[in-house]
Amino acid sequence: MTTITRRRLEADPTSESSLGIVHDAQQEGPITMAPAPLVTAEEFFDLPTRSRARLSPDGTRVAYLAPWRDRLNVYVRDVDSDWDAGTPDADAPDARRVTSDAHRNIDTFFWTADSRYVLFTQDTDGDENHHLHRADIDRPDEPTVDLTPFPGVRLLAMQLPSDRPGTVLAGLNARRPDLIDLHEIDLATGRVTLLAENPGDVLNWIVASQGRMFVFTMEDDGDHVLSAWDGGIGAPIARFSGRDHLFGIAPGVLTTDGNGLLIGSARGSDRTRLVRVDLTTGEQTGVDSHPVYDLDTPRPEADTRFPTSLILHPVSGALLGARYLGARQVIHALDPQFAEILPRLEELSDGDLAHVSCDSTGTRWVADFNHDRDPGVTWFYDHDSGRARRLFRPYPHLDPAHLAPVTPVTVPARDGLGLPCHLTLPVGVEPRGLPTVLLVHGGPWYRDSWCYDPEVQLLANRGYAVLQVNFRGSTGYGKAFTQAAIGEFAGRMHDDLIDAVDWAVEQGYSDPARVAIYGCSYGGYAAMVGAAFTPDRFAAAVSYTGMSDLTDLVRSVIPAARRSVQNSYIRYMGDPDDPAQKADMLARSPISRVDDITAPMLFIHGANDVRVTPRNSERVVESLRARGSEVEYLLNEREGHWFINADSNIELYQTLERFLAKHLGGRSGSVAGSAG
């Protein structure tokens with residue numbers, strides 16, 4: 001069996017050794033080292049050679065993503081084929097391409113339980129109107145089938161019922177854009193049948209065994225209500241606090257007997273644990289918990305790079321394990337057979353076990369790993385023989401030795417709240433007085449974590465210290481930490497960012513005169529707040545699909561999601577229909593403080609962004625240009641809230657590195673003769 005000894009971060013996370021600083025015993029001060037070789041933006045952001053491998057339930061084939069015509073498409077090959085031949089999958093005789101999308105990368109796909117089909121979702125140029133498509137593995141030359149072929153309609157929920165093989169249950173807003181109706185789709189014929197019409201207040205549908213149906217609705221105060229459905233909404237079965245469940249009840253997995261629902265719950269606790277909700281009585285029973293960490297539910301709900309919080313059997317849906325996340329991941333095995341297999345999988349890498357798939361017997365497995373410098377390495381493991389073999393590295397051209405370690409650190413905020421952060425320092429450079437990028441995550445109901453991020457590695461490779469702050473409002477650190485952000489946009493949430501920068505300066509890592517603030521979505525808003533509300537602190541600012549007007553953000557929510565933002569946007573930012581709250585929201589909006597911006601700014605936006613409309617960038621850009629300020633604007637006509645295609649990301653990050661090199665003095669692979 002081929003194994004790699006697994007290592008954990010056991011050292012003091014703020015120690016110099018943990019941060020990659022090595023001292024010579026015969027000398028004072030750090031060893032003088034050459035910077036890591038320059039890695040181009042193309043090398044960081046071009047397509048992986050392979051990624052996202054999933055084993056078929058019959059255990060014979062692997063589906064995975066690989067390039068075709070510069071876009072990621074789904075390929076299938078036998079698990080026992082030669083994965084090391086060195087031939088690109090588009091030309092490999094062992095690999096069969098089953099999709100042919102030359103316009104946009106495919107990101108999410110999965111097998112049906114009978115191993116006959118691969119299903120995948122796709123939108124149009126980032127409009128987030130995802131459709132469900134089917135690829136027939138036995139007929140790879142046939143075109144894929146759009147199973148939801150309705151213009152402007154969005155797949156909002158999906159369920160593969162184990163007792164109704166060959167069908168998919170789908171929540172679609174085909175009848176009205178603001179209402180999610182329940183449909184059944186026949187995978188073989190593509191026939192779509194309406195099962196239940198939304199009377200106006202159903203947010204989610206659940207279908208249990210024997211066709212029993214349940215719905216989630218929301219009360220005026222934001223609390224979620226679970227009820228039975230029998231042609232209409234029945235008496236409430238259970239209620240859940242809207243303060244605890246911002247966007248709904250997750251993960252929301254049916255138990256195999258069809259009588260319970262597995263959810264993450266923080267009822268009576270600060271931490272989210274796994275509980276079972278009885279679908280008859282509504283009683284919550286504890287299933288599993290971690291003494292310190294939250295169930296890792298919000299992160300994969302927002303970002304498909306990360307695996308779901310529950311590990312399930314691919315055919316029966318039985319619960320195998322649960323994931324919890326602190327500085328690193330912890331998995332609890334909740335099935336006897338999986339308890340034997342889990343340590344065998346985990347020893348294959350010193351990273352964190354990520355996506356896993358197995359055959360119907362639970363003996364053959366394909367697994368990949370999160371890692372800060374060697375991401376997505378994918379293995380096949382046979383539990384009967386105890387043997388494992390590596391299938392591929394997604395980025396074989398990247399040398400982990402040239403990439404920068406990502407180190408968790410805890411920084412105190414001015415009010416004493418501990419802020420979980422990640423510090424990444426450039427390789428081969430003395431970590432003193434560095435130009436620094438404060439990289440702010442989106443959401444804000446999200447969290448940064450220990451992982452590989454090409455954005456972080458690009459910045460570190462250019463010579464920047466990269467500081468990522470899980471400010472109050474971030475998820476995964478207990479509900480009190482998240483709820484501390486209520487009413488604190490451009491307030492204490494921003495203070496947390498400033499406090500983290502002050503810490504980095506006090507530790508000697510950062511040059512206070514060369515700090516830029518950059519982020520996407522909420523992070524873009526934070527960048528604008530940094531430039532407008534604390535203009536003396538940042539030498540440059542970059543907003544990537546950031547919102548400049550909080551009232552515009554709330555009023556622009558798509559019809560199908562308006563009801564569901566009661567506990568997030570409305571509770572945390574305010575209600576623009578209330579005059580006093582509207583005034584407060586505008587006071588916390590960068591659009592109201594454009595005249596205070598002095599630093600050069602770069603704005604990046606996708607023209608098809610439905611979450612934060614491009615006018616949020618364009619209004620600020622126009623105001624800055626009108627007063628002669630230094631501002632750049634990159635608008636991509638083929639993207640939405642996040643850029644997906646490789647050529648779009650390469651253009652984005654070449655623009656970003658040139659901008660930062662000009663204003664902070666770091667290296668650039670796009671400008672000849674740049675500093676550093």
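A residue is called buried when its relative accessible area is under 20%. By this criterion A490 is buried, because its relative accessible area is 18%. The structure considered here is a predicted model. A490 belongs to the loop between α5 (479–483) and α6, and its phi is positive, near 60 degrees, although the residue is not a glycine.

That loop leads to helix α6, which covers residues 492–506. With 15 residues at 1.5 Å each, this helix should span 21 Å, and its end C-alpha atoms are 20 Å apart, so the two values agree. Its buried residues include M493, H494, L497, I498 and W503. The buried residues of α6 pack against the strands β29 (406–412), β30 (418–424), β31 (434–440), β32 (465–469) and β33 (510–520), and also against α7. Just after α6, G508 adopts a positive phi of about 90 degrees.

The relation between α6 and α7 deserves a closer look. Their axes come within 11 Å and cross at roughly 75 degrees. Since angles from 65 to 115 degrees count as roughly perpendicular, α6 and α7 are therefore roughly perpendicular to each other. At their meeting place, M493, H494 and L497 of α6 are in contact with Y522, A526, V529 and G530 of α7.

Y522 also appears in the largest nonpolar core, which has 63 residues; together with L438, V469, F489, M573 and M601 it touches the most other members. Helix α7 (residues 522–533) supplies the largest share of this core, nine residues. Apart from this core lies another one of 32 residues, among them A540, Y544, L634 and L664. Leaving aside neighbours within four places in sequence, M601 is in contact with several residues, including M528, A531, L624 and F659.

The cysteines may be considered next. No disulfides are found in the whole structure. C520 is buried, with a relative accessible area of 17%. Its sulfur lies 15 Å from the closest cysteine sulfur, that of C451, and this is too far for a bond, because a disulfide requires sulfur atoms within 2.5 Å. C358 likewise counts as buried, at 3% relative accessibility.

Some backbone features remain. Most residues other than glycine have a negative phi, and most peptide bonds are trans. Q210, in the loop between β13 (202–207) and β14 (213–218), has a positive phi near 60 degrees. Q210 counts as exposed because its relative accessibility is 70%. A cis peptide bond joins A250 to P251, with omega near 0 degrees; P251 lies in strand β17 (residues 251–254). Another cis bond joins G443 and P444, with omega about 10 degrees, and P444 is placed in the loop between β31 and α4 (454–461).

Notes: Residues are numbered from 1 along each chain as its sequence is written. This is a predicted model: local features need pLDDT of at least 70, side-chain atom pairs count only at pLDDT 80 or more; totals for chains, interfaces and linings use all residues. Side-chain values use heavy atoms; hydrogens and water are left out. A nonpolar core is a set of buried Ala, Val, Leu, Ile, Met, Phe, Trp, Tyr and Cys residues joined through side-chain atoms within 4.5 Å. Buried means under 20% relative accessible area, exposed over 50%, partly exposed in between (1.4 Å probe, protein chains only). Helices (H or I, at least four residues) and strands (E, at least two) are DSSP runs, numbered from the N terminus. Contact means heavy atoms within 4.5 Å. The expected span of a helix is 1.5 Å times one less than its number of residues. Axes are lines fitted to C-alpha atoms, for helices over the stretch in contact, and angles run from 0 to 180 degrees between N-to-C directions. Angles under 35 degrees count as roughly parallel, over 145 as roughly antiparallel, 65 to 115 as roughly perpendicular and the rest as oblique.
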